[in-house]
Amino acid sequence: MSEKEIVLSGIRATGNLHLGNYYGALSKFVKMQNDYDCLFFIADLHALTTSPDPDALHENVKNILAEYLAAGIDPEKATIFVQSDVPEISEMYLLLNMHVGIGELMRTASFKDKARKQLGLTDNGDDIEKQIIGTDSNKRVNAGLLTYPTLMAVDILIQKAHKVPVGKDQEQHLELTRRFARRFNSFYGVDLFPEPENFNFGGHAVKVPGLDGSGKMGKSEGNCIYLVDEEKVLRKKVMRAVTDEGPKELNQPLSQPVENLLTLMELTSTPEIVQSYRDAYADCSIRYGDLKKQLAEDILKVTTPIRERYQDIRSDDAYISRVVRQGAERARERAARTLAEVRQAMGIRKF
Ligand code: TYM
């Protein structure tokens with residue numbers, strides 16, 4: 001067996017990948033595959049918690065697989081698989097749930113956020129728990145959404161991963177995973193699971209902002225640049241990004257929308273270019289049209305090669321199937337080993 005540290009991460013099969021997914025996750029996958037024992041997967045079961053659409057699911061899985069490959073994940077270096085191809089995950093999810101509290105799941109930020117959306121609530125009031133229990137069957141929050149962190153913890157623990165490259169928004173889920181690992185190890189007096197950590201080049205977790213001047217880039221916020229956006233579409237999106245009326249005083253603090261564009265620029269442009277726009281804001285000479293043109297140009301340098309490779313790979317069904325069949329085999333081998341240890345620890349024995 002390899003001595004390298006184990007890396008595992010995944011992305012939900014809910015559509016195409018955007019720059020948030022790329023800088024928060026996928027670009028790290030590509031860099032890490034050379035130095036670690038890596039497994040990267042498509043979280044199709046997690047996608048069911050918010051988007052149960054049987055016609056779209058399989059296509060979404062294939063899109064993301066093709067994006068993984070187009071971005072440079074090499075199936076000879078890393079294991080690429082689909083979550084539902086590893087049924088051991090579903091069994092261990094049931095078992096781990098016996099050690100997870102409903103309260104701790106209900107308190108997670110992403111649960112509250114998504115539960116609010118499922119209930120159609122707009123305000124951020126604290127009585128979300130009451131609303132969840134009190135709603136009728138037409139408006140329900142599904143239990144899969146509540147136990148999303150258990151399933152994510154199992155993805156990680158079943159492979160005994162040490163490092164989990166994810167964006168900032170996933171850190172609370174990782175914290176829970178560590179807690180569940182400690183709890184399981186100590187309850188059964190075993191040493192089965194390492195405590196996994198996020199991984200970032202440069203040290204701190206990434207939060208990629210959207211183009212609408214507010215929060216993070218996200219599929220449901222409609223503020224995304226997709227890796228496969230055509231050049232024209234991408235330029236248009238960037239040129240329409242929210243800014244402000246322009247700085248009025250020397251050295252005034254950056255407004256949120258402009259800070260967001262500069263954050264995007266920091267990811268895609270050179271430090272000199274970013275600094276020149278920061279200076280131009282400080283001395284009130286900034287022209288947002290120029291900034292946006294530069295930003296679109298630099299984003300396209302990243303996305304164009306990926307989009308071109310994507311088109312070829314996406315149409316090669318035979319290749320995609322081969323990659324995931326081989327990946328599932330490798331992922332299942334390790335998962336089955338861990339599941340056997342978990343069953344043993346919990347007292348489930350074969351007759
Ligand atoms: P998903 O599909 O929501 O996000 C996939 C990855 O993209 C990152 N990300 C971002 N990073 C920075 N800025 C953004 N605006 C942004 N938007 C998305 C997310 O942090 C994530 O790394 N729960 C996971 C899927 C998953 C998983 C796992 C990950 C299921 N099991 C086990 C790691 C290990 C998720 O949020 O996917």
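A polar contact here is a pair of N or O atoms within 3.5 Å, a cut-off to keep in mind for the first close-up of this predicted model.

**View 1. Polar contacts hold the eye at the ligand: Asp155, Tyr148 and Gly20 each place an N or O atom by a ligand nitrogen.** In the side chain of Asp155, an N or O atom sits 2.6 Å from a nitrogen atom of the ligand. The side chain of Tyr148 brings an N or O atom to 2.7 Å from a ligand nitrogen. Gly20 takes part through its backbone, where an N or O atom lies 3.2 Å from a nitrogen atom of the ligand. On its own the ligand has 710 Å² of accessible area, and the protein covers 97% of this.

**View 2. A shell of 27 residues surrounds the ligand.** Those that come nearest are Tyr148, Asp155, Asp169, Gln170 and Val208. Which elements give two or more residues to this shell? They are β1 (6-12), α1 (19-32), β2 (37-43) and α9 (148-157). Strand β1 has the largest share, with five residues. By residue type, the shell divides into 13 nonpolar, nine polar and five charged residues.

**View 3. Helix α10 spans residues 171-188.** Take a moment to compare its length with expectation: at 1.5 Å a residue, 18 residues should span 26 Å, and the end C-alpha atoms are indeed 26 Å apart, so the two agree. The buried residues of α10 are His173, Leu174, Leu176, Thr177, Arg178, Phe180, Ala181, Phe184 and Asn185. When reading such a list, recall that an α-helix has 3.6 residues a turn, so residues three or four places apart point the same way. Just after α10 comes Gly189, with a positive phi of about 60°.

**View 4. Helix α14 carries a kink at Lys301.** The kink is about 35° and lies shortly before the proline Pro305. How far apart are the end C-alpha atoms of this helix, which covers residues 288-314? They are 36 Å apart, while its 27 residues should span 39 Å at 1.5 Å a residue, which agrees.

**View 5. Lys139 sits in the loop between α7 (128-134) and α8 (143-146).** Is this residue buried or exposed? Lys139 is partly exposed, because its relative accessible area is 44%, and partly exposed covers values between the under 20% of buried and the over 50% of exposed. For a sense of place, Lys139 and Ala109 are 30 residues apart in sequence, and their C-alpha atoms are 20 Å apart in space.

Terms used:
Residues are numbered from 1 along each chain as its sequence is written. This is a predicted model: local features need pLDDT of at least 70, side-chain atom pairs count only at pLDDT 80 or more; totals for chains, interfaces and linings use all residues. Side-chain values use heavy atoms; hydrogens and water are left out. A residue is near a molecule or strand if one of its heavy atoms lies within 4 Å of it. A polar contact is a pair of N or O atoms within 3.5 Å; within protein, one must be able to donate a hydrogen and the other to accept it, and residues adjacent in sequence count only if both atoms are side-chain atoms. Accessible areas come from the Shrake-Rupley method with a 1.4 Å probe; for residues, only the protein chains shown count as cover. Helices (H or I, at least four residues) and strands (E, at least two) are DSSP runs, numbered from the N terminus. Ala, Val, Leu, Ile, Met, Phe, Trp, Tyr, Cys and Pro count as nonpolar, Asp, Glu, Lys and Arg as charged, and the others, Gly among them, as polar. The expected span of a helix is 1.5 Å times one less than its number of residues. The bend at a residue is the angle between axes fitted to the seven residues ending there and the seven starting there. Buried means under 20% relative accessible area, exposed over 50%, partly exposed in between (1.4 Å probe, protein chains only).
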